[in-house]
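Colleague: Got a minute to go through this fold with me? Put it up and I'll fire away.

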Amino acid sequence: MVYRICKSIELENGHLLSKHPGNCKFPHGHTRSVEMVFRAETLDANDMVLDFKAVKQMMGDFLQQFDHSLCVNTEDPNYAAFVAAYGERIIPFDREDPTSEVMARVIFNVARHALEKARENPGEYPVRACVELERVRVWETSSSWAEYGE
Ligand SMILES: Nc1nc2c(c(=O)[nH]1)N=C([C@H](O)[C@H](O)COP(=O)(O)OP(=O)(O)OP(=O)(O)O)CN2
């Protein structure tokens, strides 16, 4: 048996899907919820898998860069123009479309790295070696989400 926790962070995020045959190739926005699921077979001294606050400390700054930003494929013909106009509010996706699947994978890889760093450098909320990141789910709309994980 295993315990799981999930921390969700909500973002106002724009993107465009350069390869999409329909309307998704135009800039549009979503209120995204990013869910990060962690698991452990045991609880810590505070009877937790991992403090929700530890997840926010690990991932809050990284995820905030997506808030009120536009995610763009670097191969989009207008990529350079978007960067010229909006600078750091353009989040580049290296030769791939910023689909929910791709965003989930990018966030999963950053969260796994952040978890390792938090284990090595314990702060206010220690992270035990047995805690694992299971998956990241990115909600695109109230009826659509994508996940990446084990
Ligand atoms: N597998 C994926 N399919 C689509 C993605 C994606 O990231 N992964 N993204 C889009 C568009 O960005 C679109 O904005 C969202 O699509 P959809 O869920 O179809 O949105 P609607 O609000 O139009 O949904 P309806 O249920 O049709 O109203 C497209 N596909």
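Colleague: In which sense do E3 and strand E4 pair?

Modeller: Heads-up: this is a predicted model, where local features need pLDDT of at least 70, side-chain atom pairs count only at pLDDT 80 or more, and totals for chains, interfaces and linings use all residues. Residues are numbered from 1 along each chain as its sequence is written. Strands (E, at least two residues) and helices (H or I, at least four) are DSSP runs numbered from the N terminus, and two strands pair if DSSP finds at least two bridges between them. E3 and E4 (residues 90-93) have four bridges, and the sense is parallel.

Colleague: Which residue in E4 does Asn-73 stand opposite?

Modeller: Asn-73 belongs to E3 (69-73). Its opposite number in E4 is Phe-93.

Colleague: Which element gives the most to the largest nonpolar core?

Modeller: Such a core is a set of buried Ala, Val, Leu, Ile, Met, Phe, Trp, Tyr and Cys residues joined through C-beta atoms within 7 Å; buried takes 20 or more other C-beta atoms within 10 Å of a residue's own, with C-beta atoms placed from the backbone. This one has 35 residues, and Leu-115 is one of those touching the most other members. Strand E2 (28-40) and helix H1 (52-64) are among the elements giving two or more residues. The top giver, with ten residues, is H3.

Colleague: How many residues of the shell around the ligand are charged?

Modeller: That shell, with C-beta atoms within 6 Å of the ligand, includes His-28, Ser-100 and Glu-140. Asp, Glu, Lys and Arg count as charged. Three are nonpolar and six polar, and the charged ones number two.

Definitions and conventions:
Buried ≥ 20, exposed ≤ 12 C-beta atoms within 10 Å, placed from the backbone.
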